[in-house]
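Subject: Structure for your review

Dear colleague,

I am passing on the structure below and would be glad if you could read the notes beneath it with the coordinates open.

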Amino acid sequence: MPITPKQIIQISNLARIKIEQDQVHLLTEKIGEIISFVDKFKTIDTNEIEPLFNPLDAIQKLRFDEITEIDESENFLGIAPSVRKNLFVVPKVID
Amino acid sequence: MEIHSQSIAQLSAGLQRKDFSSEEVTRAFLERINSLDHLYNAFITVNEEGAMSAATKADQRIANGTNEILTGIPIAHKDIFCTQGVKTSCGSRMLDNFIPPYNSTVIGNFNDSGAIILGKTNMDEFAMGGSTETSYYGPCYNPWNTNKVPGGSSGGSAAAIAASLTPGATGTDTGGSIRQPSSFCGITGLKPTYGRVSRFGMIAFASSLDQGGPMAKTAEDCSILMNVMSGNDPKDSTSAAKESEDFSANLSQKIDGLKIGISFQNHAKNLDLGYQNCLEQALNQLEKLGAKLVEISLPRNSFAVPTYYVIAPAEASSNLSRFDGVRYGYRCDNPENLHDLYTRSRSEGLGDEVKRRILIGTYALSAGYYDQYYGKAQKIRRLIRDEYLSCLKNVDVIVGPTTTGPAFDIGSKNNDSISMYLEDTYTVGANLAGLPAMSIPIGFVNECPIGMQLIGRDFEESKLLNVAHQFQHATDWHLQSPIKKNNA
C-alpha cells in the first residue's frame with residue numbers, strides 16, 4: 001500500500017482537514033489509488049534535469065519598495081466573519 | 001437574426017449601426033437566462049440590476065462615440081474572477097458569502113471596455129474537476145443533452161454560450177478547464193500562453209498552471225475577448241512582459257503552407273472510431289486550405305497526467321491554506337479553540353474533491369516525499385516542455401483531439417477519480433508546458449459535439465486564432481446549436 005491510514009491522519013492534521021474515523025480507511029484506499037497512478041512517472045530518469053517551476057522559465061519580477069496601494073482595511077475587515085476594534089476576532093489562543 | 005443567436009462581432013456591429021441598444025441586448029439575454037437556466041444551472045449569480053445599469057451607461061458611450069468594440073456587449077464570467085460588489089463563490093460553500101471588495105484585472109479590463117457583466121457562471125469547486133459536478137450550487141447540465149455533463153471546470157461558461165444565454169464568457173484553464181468544456185458543448189475556447197492574461201483577482205488553484213482565457217461561439221469572438229483580457233499587469237508578478245496585441249488582425253490570413261504536426265500514434269489507441277473520423281475530416285479540411293500534415297512524436301506526453309496530478313494538488317494545498325475561517329469566507333459555529341476554528345471551517349466549507357486534492361498535495365510536499373513527488377514532477381515537466389518545443393521547431397501548430405470522447409453521463413465518473421483525471425489526457429500537456437492551446441468544434445459523436453485541439457508556440461495565440469478562423473470560414477460546425485435542435 002503506497003500510503004497508510006496513519007499517514008492519512010497525519011497529513012489531514014497538517015492540512016487542517018478533519019476526517020471522520022469511519023472515513024479513514026476509504027480515503028486511504030482512494031488516495032492510495034491516485035498515488036499508485038502517479039507513481040508510474042518514477043520510471044523516467046530525471047537525473048541531471050533541472051526542475052521547471054515556472055512554465056516559461058521566467059524569473060519572478062521584483063518591484064520597487066514603494067507604497068502603491070491605498071488603505072482599504074475597512075473594506076477588507078467588512079467581509080470578515082468577526083471583527084472588533086479593527087482586528088480579526090478568533091477564539092482565545094492563550095488561556 | 002434574433003439577438004441571442006448573434007455572435008459578439010455581429011452584436012457589436014448591430015450596436016454600432018443602432019439596430020438595437022445595449023439595454024435591448026442585455027435584457028434579451030437576461031430574459032433567456034430567467035426563462036431557460038433552470039434547465040442548465042449555468043449561472044450561480046445573475047447580475048440583473050448591475051447589468052441593466054451598465055447597459056444604460058454603455059448606450060450613452062455609444063451615443064457620444066466613445067465606445068469600443070465590446071461596449072454594450074453582455075459577457076458572463078466564471079465565478080472565479082473577483083467582481084467588486086458581486087458574489088464570487090468559486091463554486092464553494094467556503095466563499096458562498098464572499099463579496100469581493102475589488103475587481104480582478106480581467107474584470108477591470110472588461111469594465112473599462114464598456115462590456116456588461118451578465119452574471120457569474122457555475123464551475124467545479126475551486127476549478128477542481130472536469131464535469132462541473134463538484135459545485136456547491138449543484139451540477140451544470142449540457143445543453144446538447146441534459147443527461148450529460150458540460151465538462152469542467154468552466155462548464156457553466158461553456159453551457160451558457162451553447163444555450164445562447166450569453167454571447168461570450170471567460171473561463172480559466174489549469175489542466176483543460178476551458179478546452180474540455182468547449183469541446184463537450186460545441187463552442188470555441190482558448191487557453192492563452194501562461195502569463196498572457198493576468199491572474200490578479202482570479203482565485204488561485206495551481207498558480208504555475210492557471211490561465212484565464214476567452215470562450216465564445218467563434219474564433220473571431222475569442223480574438224475580440226482576448227484583445228480586452230490580455231496584457232502585462234504589474235499586479236501579477238508572473239504576468240508576461242508582453243503588451244497586448246491585436247489578436248483579430250491576422251484572422252483572414254490564408255494558411256497555405258502551414259505545417260501541422262499530428263501524433264497519430266498518440267491518438268489512435270484512446271479515441272473511438274466516430275471521433276477519429278471527425279478528426280480525419282477536419283485534418284482533410286485543413287489540407288484543403290493549404291496546410292501540410294507532418295507526423296510528430298510526443299512520447300513523454302503519456303506522463304503528463306500523473307505529473308499534473310502531483311503539481312496541481314501540491315500548489316492547491318498551498319494556495320487553499322488561506323481559507324481558514326479568520327479573514328473572510330465560511331466560519332464554523334462556536335469554535336472551541338483556534339485549531340478547531342481552522343479545522344472545522346475548512347472541513348465544513350470545502351467539498352470532498354477539494355479536500356482530497358489538498359491531502360494529496362500535502363502528502364506530495366511533506367518531509368521525505370517532496371523530492372520523490374513534487375521535485376520529480378517538476379523535472380518531468382521540463383522534459384515535457386522540451387519535447388513540445390522541439391516539435392514546434394518543425395511545425396507551426398500541433399493538432400489533435402481535445403478529449404477522449406464526447407460528454408459523458410452525469411454521475412458516471414463520480415466514484416472513479418482516475419477515470420475522471422484521464423479525461424485531461426490531451427489537454428494537460430499544454431498547461432505543463434505553458435503553451436497556448438484552443439479547442440474548436442469539428443463534428444458530433446452520438447449527437448454530442450466534439451472538438452479539435454490546436455497547440456501553438458509561446459505567445460502565438462494569433463496563429464491559433466488564424467487557423468481556427470480559417471477552419472470556421474470553411475465549415476459550419478461552430479454554427480450548430482442545441483437551440484435549433486431543441487427549439488428552445
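The notes that follow cover conventions, the contact between the chains, the nonpolar cores and one helix.

This is a predicted model, in which local features need pLDDT of at least 70 and side-chain atom pairs count only at pLDDT 80 or more, while totals for chains, interfaces and linings use all residues. Residues are numbered from 1 along each chain as its sequence is written, chains are lettered from A and ligands numbered from 1 in the order in which they are written, and side-chain values use heavy atoms, with hydrogens and water left out.

The contact (heavy atoms within 4.5 Å) takes 68 residues from chain B and 51 residues from chain A. The area buried between them (accessible area, 1.4 Å probe, lost on putting the two together, summed over both) is about 5,300 Å², with carbon and sulfur atoms giving 70%. On the side of chain B, Leu359(B), Tyr363(B) and Arg382(B) lose the most area to chain A, together 13% of what that side buries.

The largest nonpolar core (buried Ala, Val, Leu, Ile, Met, Phe, Trp, Tyr and Cys residues joined through side-chain atoms within 4.5 Å; buried means under 20% relative accessible area, 1.4 Å probe, protein chains only) has 161 residues, and Leu70(B), Phe126(B) and Met452(B) have the most contacts inside it. A second, separate core of five residues includes Phe184(B) and Phe408(B).

Finally, helix H5 of chain B (residues 155-162; helices are DSSP runs of H or I, at least four residues, numbered from the N terminus) has eight of its eight residues buried, so it is largely enclosed by the rest of the structure. After H5(B) comes Ser164(B), with a positive phi near 55°.

Best regards

Note on methods: Buried < 20%, exposed > 50% of the residue type's maximum accessible area, 1.4 Å probe, protein only. Helix = DSSP H or I, 4+ residues; strand = E, 2+ residues; numbered from the N terminus.
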